[in-house]
Every structure is written in structure tokens, then in C-alpha cells.
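Please look over the sequence and the structure below, and then follow the description step by step.

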Amino acid sequence: MDNGKLIRMCIVCKKRDKQYYLNRLQCIDNELTYFTGKGRSFYVCNDCIKSKKLINFLSKKCKKSKEDIKNLIIHFPFSISY
Ligand SMILES: [Zn+2]
């Protein structure tokens, strides 16, 4: 089976889409990173990756304050427009 055709759900808006349209992220030791191939991960669609709701979600998911998450995202290869 072609993995690219798997349907996954965006954890922010709950939209379902093909896996390769979604960004697979994870929190390792309270740091945000792209999926490394092991551990727990989650999917975020391209709309939500730029939304403020992602900050709320990541704050819970990575157990960090919203300020910390904003700082993490500044250094991440995508940007969130406030
Ligand atoms: Zn989404």
C-alpha cells in the first residue's frame, strides 16, 4: 500500500486529508520538530500551520507556555502570522 495515500487528520481543525498534504510534527523533550521517524507524532494541515490555534494546541501538547511555543515557531521552518 502506498503510504502517501493514507488519510490522516489535522489535530487542530480535524480536517482529513491525504498524509502527504499534512505536516507531520512531534514534540521531543518539549521541543517542536518535524517527525523523526519514531515516537508519537501528529498532523497539522497547511491552513492550521499558520493559525494561532496551533499555538494553543502545541502549548498543551509540548507542555510549554504559549510564549515558549511562539519562540519555538519563530525558529521553525514555517511562520505563523499573528
Ligand atoms: Zn487543520
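**The sheet and two loop residues**

In this predicted model, 3 strands come together in an open sheet, in which the order is 4-3-5 and the pairing is antiparallel. At the edges lie strand 4, made of residues 31-34, and strand 5, made of residues 42-44, and each of these edge strands pairs on one side only. From one strand to the next, the twist averages 40°.

Within this sheet, consider how strand 3, which covers residues 23-28, meets strand 4: the two run antiparallel and are joined by 4 bridges. A particular place to look is C27, which stands opposite L32 in strand 4.

We can now turn from the sheet to the loops and to the backbone angle phi. Most residues other than glycine have a negative phi. Which value does phi take at K14? The phi of K14 is near 70°, which is a positive value in a residue other than glycine. K14 is located in the loop that lies between strand 1 (7-9) and strand 2 (16-18). Is K14 buried or exposed? K14 has 9 other C-beta atoms within 10 Å, and because a residue counts as exposed when that number is 12 or fewer, K14 is exposed.

A second residue can be read in this way. K63 is not a glycine, yet K63 has a positive phi of about 55°. K63 is found in the loop between helix 1, which spans residues 52-61, and helix 2, which spans residues 66-74. With 10 other C-beta atoms within 10 Å, K63 is exposed.

Definitions and conventions. Residues are numbered from 1 along each chain as its sequence is written. This is a predicted model: local features need pLDDT of at least 70, side-chain atom pairs count only at pLDDT 80 or more; totals for chains, interfaces and linings use all residues. Two strands pair if DSSP finds at least two bridges between them. Axes are lines fitted to C-alpha atoms, for helices over the stretch in contact, and angles run from 0 to 180 degrees between N-to-C directions. A residue is buried if 20 or more other C-beta atoms lie within 10 Å of its own, exposed if 12 or fewer, and partly exposed in between; C-beta atoms are placed from the backbone.
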